[in-house]
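This report goes through selected parts of one protein model, beginning with how far its coordinates can be trusted and moving on to strands, sheets, helices and loops. Please keep the sequence and the structure in view while reading.

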Amino acid sequence: MKEEFIQFAPLFAGLTPSDQKLLSDRFVQNNAATGTVLFQAGDNADGLYLVGNGFVRLFTAGGSTLATLGPGSVLGEDSLYRALPYDVSAHAVSALEYWKLTDADLRAIIVQYPAVGLKLSQNFGSLIAQMQNYLVQQLGKSAELNGLPRHTLQAIADQLEPRKVGTGQLLYRAGDTAGGLFLVESGRIEIRPDSADGERQEAGAGQLLGALALLTNKAQTATATAREETLLWALSVEDFQSIASRQPGLRRSLGRNVSARLSRTDQAQAAFRLAQMPIFAQLPQAALQGLAQRMVLQHVPAGERVYRIGELGDAFYLVESGEIELTAENAVGIVEETGRIGANGFFGELSLFAGQIRGEDATATRNTNLWVLPKAQLDEVAVQNPAVGKALSQGVATRLASASRPQEELSLRQFVLLADLNPADLKQIAPLLRPMRYRAGEIIYRTSTPADTLYLVEKGTVRVQLLNGGAYLVGPGETLGERALITEQPHNTTVSADTEVDLWTLGKQDLDLLMNRYPAIAISLTRIISQRMAEVPAVAAGGPGQPARAAEMAPARRRHQAAALPEADPPPRRRRQSLSDWYGSLSPGARLRFMLLLLLLLILLCLTLPFTAATILNSIGAASRAVAATLDNALDSVYASGSVQIAEAAADEAERLRLADAQVPPTPTYTPFPTATPPPTPTSPPTPTQTPEPSPTPAPVIVQTFAQTSIQAEPAVAQVPPPEEPTPTPEAVVAAAAPRQLDSRLQGLGVTIEDAQVQPGQPYWRLVEVRWEDEQQAGGKHHIYVDVMDENGKRVQNQPVTVFWGDGSHTAALEDKPAPDFGFNYQMYAAGYAYNVKVEGLPSDVLRGAGLGDLTKRFHGIHVAYYLTYQRAIR
């Protein structure tokens, strides 16, 4: 009877007799009395039921009757096939005989006989959940996905849909945009490359198609046609992008294992670019075309290495899109950036042509498409055409000779500071310099920070912001920070990158050494400081934001003003009138009155001179001491304010500026630490009020509500070392848990916050502020910035913070960076909802779904930035 029910049940229609026998053998017979509950709404669906004799009544979760089913009926299949809890209850309303097929038995059958699962899915109308184990196994067997963790394969399997392609039908055509990722289940697909020299290939069961177009965001380079009726498992473009953003390992695995010959259009472009390279300059066009035909397209995800130091040079690379960073260790073992290769650039040629090992690491800083020429293909062309081999040998010899010549003089001669040195001296200086790169908007150093480095601008433009609001730009060949180094005072300006900037840095100790060894550097540095001191007042004189007049700028300097405002011609200068001219212009009466006045003054001086002289002699000592004190205070004010032009002001004016500087209101951004307190006026310390707990010396105090941050400045008093901070009370910790300040755009981005699971009275890390910057606001940054505060709003130094994703994580301690910089940052490379953030040590709120991409293009590699602030609190 069981076999007959299976044969005629619509759910099992189309199964072969052998497949029906497989299912029948796994159905287990059971009996139930009247009133027995087979399953309840909300229970986990663990099997499906086939009614033999008797009746079963179905109820909704609310108790309403849905139907009464008799012999031959199947129960629970919808919930089982969807891997969901039962949505109805089933009660026996008579003596009942039934058979049950468990979820585990059905999965075992499908893994061994996938055709059964496919037929059941077809009858059900969608892919049944029991096919997932089989699909995970099939995905793991493919060469492109082999080695991925199970949870990544499971995420792919959950989104796969079956698709049939009839004989002769196209799956995709060369030039089409990416249509998805395809896994062949059965049948054959012919792959015909777009290029004339490409070989036709055939894809069968277990092979993956369409991956390269998905990765590179380029058109298909081949046409795929079904040679027979073919069954495929398809993953849509949207589902692929979503999974790849959460599981970065998917893109890495495909990038390492998928490549293809260039399309005809790309081959023509590659031949043109090869002709522009000195090594290939002597090759005929036919040879260049032959090399381009042998190049392959390869995708390298952000953060993935192309090759490492010490590997054999087995390929040469042209960058079609994206960016490659080259890094190597210097003489003291510090890894330094040696270059960045963007679109239309090339790298790796010398190691390949000269047979050398790689001398640097090559890493993709963003998703990058490369055109790769393998060594075997280059050797093949050279063997077939001896003239090609000879031309390549000559080009390599020339390039190696050029690379071996000292380049320090060419790169360092541009700097004004080093312009007077000979080549031998420059060669000695070069190892002391360290390269640095800043993106537009990044801070190089801030006002009041210690000066320990000299900066030499090699490329780009740097903005120098004065305390009075004025600003000017510094270009290639100029230096920064020299005045603070020589005077051993903190920086009195804030310097940031106006464009992308390449700098060379020189430490203070190295600078002192060079100034002693090479007097020309000391002379040049003195000249630079003098010129800059002459230029800065010109900028300051125009007021905030006003540039100096071009005629007042030193012609040897390549300095450009931050704003070019028109300036009116100065008024004509009047000739100063001499005393004789003035006396001659008086009338005779006026001259007489003037002479009488002089006579009267002379008589008064004769009478009062002795008394005046004695008074002056008695007070001269006190006056000298007062003048000295006034001068010292004025100089202190100059150093405190950092403005050169204040040096000529009166002592009382300098003191007024110093005190006003201490009360400058903060910027409206979150700043975890107060700015440095200016040196206080020497006064007697006030008598402290008797309190149960010691209180710190009055100073700028941060008032933190997270709805508004402000700084209150109290009158300057003598500094007393503050006492150790007492352990915060639970009330203070609870009060610190203020309402969250969340960027209104987070919801549109799909970014969420998962609250820490803690009990009342338990401490935890609470996410109190999240700020997001789009591409324009981020200014090239693509980081997650994190700060962690205690209950009093002070940074918790060395506190570990973790950024984690599907199959990996990164943990680092909070650094003691000057405000307003955040103590932790992590560079993002993946788009979409790739990254999650938490703080270690206590239960922590978790930010979920951070990644590259903006509100309209969530899964694109658009540079954005996240700023997170955590605070210790008690639930």
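## Confidence and local structure

In this predicted model, the pLDDT stays under 50 over residues 619-624, and this stretch has zero contacts beyond four places in sequence. For the protein, the mean pLDDT is 77, with 72% of the residues reaching 70 or more. Over residues 402-408 the pLDDT is again below 50, although the model gives this stretch five contacts beyond near neighbours in sequence. Where pLDDT is low, the predicted coordinates should not be read in detail.

**Two open sheets.** One open sheet is formed by four strands in the order β1-β8-β3-β6, with antiparallel pairing. At its edges stand β1 (28-32) and β6 (74-75), and because each has a single partner strand, one side of each is left without a neighbour in the sheet. Helix α4, residues 103-112, packs on this sheet, where it touches β3 (47-53) and β8, and its direction makes about 50° with that of β8. Another open sheet, also of four strands with antiparallel pairing, has the order β2-β7-β4-β5. Here β2 (37-39) and β5 (65-69) are the edge strands, each with a single partner, so one side of each lacks a neighbour in the sheet. From one strand to the next, the twist averages 25°.

The table lists antiparallel strand pairs, each with one pair of residues that stand opposite each other.

| Strand pair | Bridges | Opposite residues |
|---|---|---|
| β1 and β8 (residues 96-102) | five | N31 and E97 |
| β2 and β7 (residues 89-92) | two | V37 and H91 |
| β10 (residues 170-172) and β15 | two | L170 and T225 |
| β12 (residues 189-193) and β15 | five | I189 and A226 |

**An enclosed strand.** Strand β15, which covers residues 222-226, is largely enclosed by the rest of the structure, because five of its five residues are buried. A222, A224 and A226 point one way from β15, while T223 and T225 point the other way, and all are buried. The strand pairs in the antiparallel sense both with β10, over two bridges, and with β12, over five bridges.

**Two packed helices.** The axes of α4 and of helix α5, residues 114-124, come within 5 Å and cross at roughly 115°. This crossing makes α4 roughly perpendicular to α5, because angles from 65 to 115 degrees are counted in that class. On the α4 side the contact involves L106, I109, I110, V111 and Q112, which meet P114, V116, G117 and L120 in α5. Sorted by class, the residues in this contact are seven nonpolar and two polar, with no charged residues.

**Two asparagines with positive phi.** N344 has a phi near 75°, which is a positive value in a residue other than glycine, and it is found in the loop between β22 (335-341) and β23 (346-347). Because exposed means over 50% relative accessibility, N344 counts as exposed at 57%. For N798, phi is near 65°, again a positive value in a residue other than glycine, and N798 lies in the loop between β40 (783-789) and β41 (800-805). N798 has a relative accessibility of 57% and therefore counts as exposed.

Conventions
Residues numbered from 1 in each chain as written. Predicted model: local features only at pLDDT ≥ 70, side-chain atom pairs only at ≥ 80, totals over all residues. Heavy atoms only, no water. pLDDT = per-residue confidence, 0-100. Contact = heavy atoms within 4.5 Å. Buried < 20%, exposed > 50% of the residue type's maximum accessible area, 1.4 Å probe, protein only. Pairing = 2+ DSSP bridges. Axes fitted to C-alpha atoms, helices over the stretch in contact; angles between N-to-C directions. Parallel < 35°, antiparallel > 145°, perpendicular 65-115°, else oblique. Nonpolar A, V, L, I, M, F, W, Y, C, P; charged D, E, K, R; others polar.
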